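Me: I should like to learn how to read a sheet and a helix in a model. May we begin with the structure itself?

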Amino acid sequence: MISTDAVLNALKAVKYPGFSRDIVSFGLVKDVSAANGAVSVAMQLTSPNPDAARQIKTEAEQVLKNLPGVKQVVVEVHQPAAGQAASGGAFANQTRVPGVKRVIAIASGKGGVGKSTCSANLACALSHLGARVGLLDCDIYGPSIPLMMGVYERPTVNAEERLVPPVSHGVKVMSIGLLLTDDQPVIWRGPMITKTIQQFLLAVEWSDLDFLLVDLPPGTGDAQLSLCQTVPLDGGVIISTPQEASLGVVRKGIAMFRKVNVPILGLVENMSYFTAPNGERVEIFGHGGGKEEAARQNAPFLGEVPIFTEIREAGDRGTPVVVSAPNHPAGQAFIKIAEALRSKMA
Ligand SMILES: Nc1ncnc2c1ncn2[C@@H]1O[C@H](COP(=O)(O)OP(=O)(O)OP(=O)(O)O)[C@@H](O)[C@H]1O
Ligand SMILES: [Mg+2]
């Protein structure tokens, strides 16, 4: 058995032409797989120089063929076309999603705060306001968008070999949950997540959209990084509960976007309060934490969404509350936030 670590180690012997640094430490090796004596490596150069690509490919093939147990070697070297020389760095390979005007990421510092619920409802609310909208679920380990949007059909492939996203409640939807069968757990490593997210952005027929909302998994892992490196994001929205905001978890999400130069569109406080049957307002997680934290972080506050049983029920039924009950206070809360979002992006 050849391990991917052994492959990476071997590739460290290949120097970038003209430099003393190797191709691995330069971050050019994007994907490695090894099975049954076959090794496949994908690299992405930031320079369009064909000689550099040729030399790297030849040397990489050579060192890999010399590894014990390797029978077959495939080395793919990708590079930008001449004239599009990148300025360098990890974000040098960003491309815009064809036909999509704005890509907006929805993130949170922590799980379970209602990111997916907000993503689904905001997508439907923007569509309700007349925009053309797509919703991409970047949660590879726990995709919940198909359930919340009520999508069960598998995407089809068109004549250009691009994935055609199913449309639900007027929104184009893509999720790993639509491609896997049943309850198969996903146990992928970073490079596969990166590749999947790149394909979700660039090999899906999204056009034409005013907004592509991207539901991110919690935290700041491979999915977040892959997204930021693949396409320029037009903005980021942070979802938080009042409690999480007051605990400073929001700061992590904001810091992540700032680090990769993504404009912060604002913070949404979810599960703000609960209205008891007698009309009393119960602030389960405290109140106002979101607004205060947004002010402290110099980020706009987009609005609050109370706790409503209807929101959860609608999500479980696959018809977001914005669609099933647009005039209910829950639906209205999301529509107001969508309006705020739209005016920020006008
Ligand atoms: N305002 C709300 N009122 C009532 N229920 C809500 C509200 N927001 C979210 N929920 C419910 O809370 C649960 C968690 O929400 P959701 O799955 O959207 O969170 P998430 O942040 O995407 O979680 P994860 O980190 O696992 O991706 C769901 O059952 C959802 O229906
Ligand atoms: Mg989620």
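Me: Which residue in β3 stands opposite Val 39?

Reply: Strands of a sheet pair through backbone hydrogen bonds, either parallel or antiparallel. Here Val 39 stands opposite Val 73 in β3. This is a predicted model, in which local features need pLDDT of at least 70, side-chain atom pairs count only at pLDDT 80 or more, and totals for chains, interfaces and linings use all residues. Residues are numbered from 1 along each chain as its sequence is written, chains are lettered from A and ligands numbered from 1 in the order in which they are written, and side-chain values use heavy atoms, without hydrogens and water.

Me: In what order do the 3 strands of the open sheet lie?

Reply: The order is β1-β2-β3, with mixed pairing; two strands pair if DSSP finds at least two bridges between them. Strands (E, at least two residues) and helices (H or I, at least four) are DSSP runs, numbered from the N terminus. β1 (29–35) and β3 (72–78) are the edge strands, each with a single partner, so one side of each lacks a neighbour in the sheet. Strand β2 (residues 38–44) pairs with β3 in the parallel sense over 7 bridges.

Me: Which residues of α5 are buried?

Reply: An α-helix has 3.6 residues a turn, so residues three or four places apart point the same way. In α5, the buried residues (under 20% relative accessible area, 1.4 Å probe, protein chains only) are Gly 190, Ile 193, Thr 196, Ile 197, Phe 200 and Leu 201. Seen down the axis of α5, they fall within an arc of 130° (taken from the directions from the helix axis to the C-beta atoms), so they line one face of the helix.

Notes
Buried means under 20% relative accessible area, exposed over 50%, partly exposed in between (1.4 Å probe, protein chains only).
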